[in-house]
Amino acid sequence: MKTSEWAASSPARIVELDAAGWTDLRAAYSGRPNDMPLLRCLQVAEESGASCAVIETRYMGPDYRAEYASLHSRTFPYVPDWAHRIHFFSSTLTVTDLPAIPHDVEYLGYLVVRPPRLSGVVKAMLKPPPVYRSAVRTAVTQTVHLFGQELHVSAVPFAEQDTTLGVCAHAAAWVCHYTASLRGDCAPVTIAELADTADASLSPTRAFPNKGLTVEQLSDLFRRHGLPPMFYMVGSLPHAGLPGQFPPPAGLPGADPGTWDTRIVSTACRHLNGGFPVLVGTHDHAFVLCGWWRDNGSIRMLRHDDQLGPYLPVNDPLADVATHPVTGFVRSYGPWRTLHVPMPPSAWLLPEAAETKGGSSLIAGSSQLAQPVATKLGLAVATLQDLALQDRLTFRTHVIRSWEYKRMLPDRGHAGPTVAVLRLTQMPKYVVVVEAIDRQDRSADQPCVAAEAVLDATSADRDPSLIATWVHGATCILRDPDGPLEVASAVAPIRVASGAVGRP
């Protein structure tokens, strides 16, 4: 599509997405310096079953308008000041359907596209493709307005850098920040606002045209916009040190830590389990982890890369090479070096510190309670230490709002007395939950949480504070800040479902 063809007299154009329709849509919006993100977005919509595209031909969204004001309005060539927004639906629509879209038509999300000659994708919210849908951990729901009608899509936000005002780090930071804004943790900002507010004094290069963000700039940027990040250096990642966990890697003399530090996976998963995206930095690139899944005993991860597209697999974090699913382009990322996890201001406690305290407390509590419970019920009760000896014990940790934790208790299978005690227990806005997982039950796709600990997310890493535990059916809470946990209720021991995001 030429710049002169960008404007259209009608408010919308409908494309029926048969084979010819997909070919026309790709041809209309490709031909840019890098078509891979755009082509992957279209592929995601196709894999989700899109049968129809409705194109808003003069879209005045805040993201491109802010970019235009900060960048394109200052350049010599003519650039239109509006974008196109492409909406995808599961069924074919006609022009007469647009004022009243049928309720039985599934909305699959949207894609905002820049004018010709520029980078393609301003912004996208596309439902994950079926093959990765269960792996996505950080999806959020957005309400979209189209011709006065509300549409809803659950997805992980995606954006592509414009290459001058914002670069890969800005796009990755925006994905994390926009996800948080849709969760209600902060107010939304545009990539242009992120670029304009980055502290230029923290970088040796000029702020515009932008050459990239330093680690310090990225941390400062998240703090400025209400999401102080947890920061990790690959090679010195924490380890909970609990039974059933892989030992910390020894490291290889002279080798880059990104080639041997297996703690990358457990560190990232603790945050993804709570729905928080993880921004990964390499020596020259940044992208976002948005999910993980188990594959033949190994954990594989899912990423958004602004230069390749959304919902792409990470085959091996320690030897990171990816092939673009549409073009076949092969990218070697090099070793991962840093992890940024933007968090709500009141979530202070590192998940790793919580896991160490919570896991050891559960093991100790299990040893104390197993025999009394077994005597009372007249049955054998395996302790968590017994599970560890059978290689069945592991731990799963996540950060969650306390009201969400309480709301989910009955749905997870907790008994009425347990629900009553925990719902009436005072908790801060955010808590860190450490779950003791029975690997055998997990493999059988059964409820697998044998015990869990709830910790105060505003407590210090050096001394995490327990609020409550549940082990062998006994719910213990902290009644006195200076005293021990006290048994508040007891029921027959059971297994319950995990409260973290996605399958354990």
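**Close-up 1. H72 is a buried loop residue in this predicted model.** The relative accessible area of H72 is 6%, under the 20% that marks a buried residue. H72 sits in the loop that links α3 (62-70) and β3 (83-89). The side chain of H72 makes a polar contact with the side chain of E67, at 2.7 Å. Once neighbours within four places in sequence are set aside, the contacts of H72 are Y64, E67, V79 and L118. E67 thus appears twice for H72: in the polar contact and in the contact list.

**Close-up 2. Q161 is a second buried loop residue.** The loop in question lies between β7 (149-155) and α4 (168-183). Q161 has a relative accessible area of 11%. Neighbours within four places in sequence are again left aside here. Contacts of Q161 then include R114 and S119. G166, V167, C168 and A171 are also among them. D306 and Q307 complete the list for Q161.

**Close-up 3. Five strands form an open sheet with antiparallel pairing.** The strand order is β1-β2-β3-β4-β5. β1 (12-16) and β5 (121-126) stand at the edges. Each of these two has a single partner strand, so one side of each lacks a neighbour in the sheet. From one strand to the next, the twist averages 15 degrees.

**Close-up 4. Strand β4 pairs with edge strand β5.** β4 covers residues 107-113. The two strands run in the antiparallel sense and are joined over five bridges. V113 stands opposite V121 in β5.

**Close-up 5. Helix α1 lies across four strands.** α1 spans residues 19-29. The strands it lies across are β1, β2 (52-59), β3 and β4. Relative to β3, helix α1 runs at about 160 degrees.

**Close-up 6. Helices α10 and α11 are roughly antiparallel to each other.** α10 takes in residues 402-412, and α11 takes in residues 416-423. Their axes come within 9 Å and cross at roughly 175 degrees. Angles over 145 degrees count as roughly antiparallel, so this pair qualifies. On the α10 side, the contact is made by Y405, K406, R407, L409 and P410. On the α11 side, V419, L422 and R423 take part. Five of the contact residues are nonpolar and three are charged. No polar residue belongs to this contact.

Methods
Residues numbered from 1 in each chain as written. Predicted model: local features only at pLDDT ≥ 70, side-chain atom pairs only at ≥ 80, totals over all residues. Heavy atoms only, no water. Axes fitted to C-alpha atoms, helices over the stretch in contact; angles between N-to-C directions. Parallel < 35°, antiparallel > 145°, perpendicular 65-115°, else oblique. Contact = heavy atoms within 4.5 Å. Nonpolar A, V, L, I, M, F, W, Y, C, P; charged D, E, K, R; others polar. Buried < 20%, exposed > 50% of the residue type's maximum accessible area, 1.4 Å probe, protein only. Polar contact = N/O pair within 3.5 Å; in protein donor to acceptor, adjacent residues only side chain to side chain. Pairing = 2+ DSSP bridges.
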